[in-house]
Amino acid sequence: MDLLIPDKVHDESRQGEAFVLEPVGKHNGRKLYIESYGCAMNFSDSEIVASILAEKGFETTSDFNNADVIFINTCSIRENAEVRVRNRLKEFAGAKFRNPGMVIGVLGCMAERLKAKFLEEEKLVDVVVGPDAYRDLPNLIEQVDSGQKAVNVLLSREETYADISPVRLNSNGINAFVSIMRGCDNMCSFCVVPFTRGRERSRDAYSVVAECKDLFDKGYREVTLLGQNVDSYKWSPTQQPSPEGSVLETKADQKVSPAGGDLEGAVNFANLLEMVALVSPELRVRFSTSHPKDITDEVLYTIAKYDNICNYIHLPVQSGNSRILDIMNRTYDREWYMNRIDAIRRIIPNCAISTDIITGFCTETNEEHNDSVTMMDYVKYDFAYMFKYSERPGTLAAKRYEDDIPEEVKQRRLSQIVAKQQEYSFYRMQARIGKIEKVLIEGFSKKSDKDYCGRSDQNAMVIFPVSEAYKPGQYVNVVVERTTSATLIGRIVD
Ligand code: SAM
Ligand code: SF4
């Protein structure tokens with residue numbers, strides 16, 4: 001089992017969550033049930049899908065038994081993610097038996113990986129749609145209505161859905177994900193993403209800023225900019241003209257970036273961060289994921305310059321050993337990674353850092369595993385996502401290297417790093433006791449409506465007694481009085 005320390009970008013508690021939104025007026029008499037698995041990008045994509053279908057008059061439902069269309073937005077990153085989806089599909093069989101006209105669709109990475117084969121393997125499924133083909137969904141549903149099965153798994157070099165204003169599903173009205181790029185051009189040898197999500201492409205910077213501004217005007221106070229490798233974001237106005245009917249009404253009168261930069265030139269990630277930060281000092285900006293080979297000092301100085309860009313960086317190391325990093329094709333080594341950590345500590349002294357670590361990658365020795373452990377000692381990460389290596393068909397590692405580390409060794413190494421991470425998470429939390437944290441109130445705590453919860457700048461969950469004077473969406477200063485290994489507990493101070 002993968003062990004995770006909860007965070008927003010891959011939130012274990014949201015896996016399989018069904019999305020519902022308010023009816024938008026048009027109604028074609030059909031109800032859509034959509035649930036999502038995997039990373040934040042998939043959850044964000046489900047909002048794009050719901051937006052496309054809401055335009056065609058679909059309403060959403062939280063009960064799949066009442067649905068006319070069931071969509072499951074899938075993840076392929078590890079084998080157990082796929083097993084979970086297969087099991088879930090079995091649960092839809094009863095509903096389809098009772099309502100044979102029901103359309104069942106598989107979206108996302110598993111759809112892309114297995115393509116039409118899915119239709120043979122899972123007779124229940126009517127439609128298979130890859131991550132770049134969501135605009136085609138209304139046609140594909142029509143095709144199924146006319147008695148055929150439907151597949152569109154074409155990957156695109158251009159599609160960024162920049163002009164689609166995503167509906168916000170299950171939103172608290174305070175934080176939102178904003179996708180800034182799609183796909184990935186890195187070929188990490190263990191990873192299926194470049195095959196399921198295609199080539200990297202960056203979204204129109206104007207459309208990103210316009211979406212963030214629109215969210216702010218609607219009362220949202222935090223955006224998380226999403227991409228597989230945000231540091232390689234690059235967009236220029238000549239490269240990708242916005243499609244007709246885009247949401248960018250601001251474009252005509254916005255020839256320069258809010259940062260004052262000349263948008264005739266290319267916009268890199270540091271520029272984009274600054275443009276979004278300037279939407280309002282009251283809008284918090286987060287981002288994920290950074291790649292150690294690409295994160296620049298320019299990005300770090302931009303984070304340091306703006307109070308509303310959160311002091312939190314997710315910087316996946318994968319392994320602390322240079323030979324393993326080499327065969328993982330990560331294109332950096334242990335020293336490079338440590339240098340980037342040193343740069344973060346130097347430029348943003350108060351920055352929280354989290355990571356991803358894989359244990360038991362092909363040929364990893366005990367000594368090499370130990371280098372991951374000593375890397376954890378060096379960085380003392382605030383959080384970590386930790387995984388056993390799971391071979392994915394078609395990846396470079398699957399072709400080149402034998403998956404030769406026995407399951408019990410992978411598990412032992414995983415348990416060791418999970419225990420180590422718990423120590424460091426607790427250590428980081430303890431260091432906050434007595435400090436005052438600026439917290440964006442997200443709502444009531446899960447356990448009690450006498451307490452509010454929200455995140456600190458460094459992304460720690462903070463719980464504190466409700467005060468009538470403050471509402472969700474407002475910032476408060478909270479003094480930290482005690483902690484668990486995952487939560488800060490305190491009270492509001494003026
Ligand atoms: N693009 C991000 C990056 O490069 O760090 C993350 C992408 S992936 C969705 C999230 C994490 O899943 C990776 O950082 C890696 O730790 C893990 N992962 C990817 N493929 C894996 C595999 N085959 N087995 C185990 N973990 C894997
Ligand atoms: Fe996968 Fe590497 Fe791309 Fe991340 S950077 S999505 S791990 S190939």
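Which residues form one aromatic cluster? They are Phe190, Phe361, Tyr389 and Tyr401. Keep this group in mind as we walk through the structure, which is a predicted model.

**The chain as a whole**

Let's start with the overall picture. The secondary structure of the chain comes to 14 helices and 23 strands. Along the principal axes, the C-alpha atoms fill a box of roughly 65 × 55 × 50 Å. For 494 residues, a compact globule would have a radius of gyration near 23 Å, and the chain agrees because its own value is 23 Å.

How much of the chain is buried? Buried residues make up 60% of the 494 residues. On the outside, the chain exposes about 20,200 Å², and carbon and sulfur atoms supply 51% of that area.

Contacts tell you how the chain folds back on itself. Take the contacts between residues at least 6 apart in sequence: 74% of them join residues at least 24 apart. Charges can be looked at too. The chain has 62 positive and 73 negative charges, and the mean positions of the two groups are 2 Å apart.

**Aromatic pairs**

Now back to the rings. The count comes to 14 aromatic pairs. One of them is Tyr134 with Tyr161: the ring centres are 6.1 Å apart and the planes meet at 20°, so this pair is stacked, as planes under 30 degrees apart count as stacked. Tyr134 sits in the loop between strand 7 (127-129) and helix 5 (137-145), while Tyr161 sits in the loop between strand 8 (150-152) and strand 9 (175-179). The two residues are 27 residues apart, and the pair links distant parts of the chain.

Another pair is Tyr312 with Phe383. Here the ring centres are 5.9 Å apart and the planes are at 90°, so the pair is edge-to-face, the word for planes over 60 degrees apart. Tyr312 lies in strand 16 (residues 312-314) and Phe383 in strand 18 (residues 383-388), so the pair ties together parts that are 71 residues apart in sequence.

Are the residues of these two pairs buried or exposed? A residue counts as buried under 20% relative accessible area, and the table gives the values.

| Residue | Relative accessible area | Status |
|---|---|---|
| Tyr134 | 0% | buried |
| Tyr161 | 1% | buried |
| Tyr312 | 9% | buried |
| Phe383 | 8% | buried |

So Tyr134 and Tyr161, the stacked pair, are buried, and Tyr312 and Phe383, the edge-to-face pair, are buried as well.

Note on methods
Residues numbered from 1 in each chain as written. Chains lettered and ligands numbered in written order. Predicted model: local features only at pLDDT ≥ 70, side-chain atom pairs only at ≥ 80, totals over all residues. Heavy atoms only, no water. Helix = DSSP H or I, 4+ residues; strand = E, 2+ residues; numbered from the N terminus. Rg over C-alpha atoms; globule rule 2.2 N^0.38 Å. Buried < 20%, exposed > 50% of the residue type's maximum accessible area, 1.4 Å probe, protein only. Contact = heavy atoms within 4.5 Å. Areas by Shrake-Rupley, 256 points an atom, 1.4 Å probe, with all protein chains shown as cover. Lys, Arg positive; Asp, Glu negative; His and termini not counted. Charge placed at Lys NZ, Arg CZ, Asp CG, Glu CD. Phe/Tyr/Trp six-rings, centres within 6.5 Å; stacked < 30°, edge-to-face > 60°.
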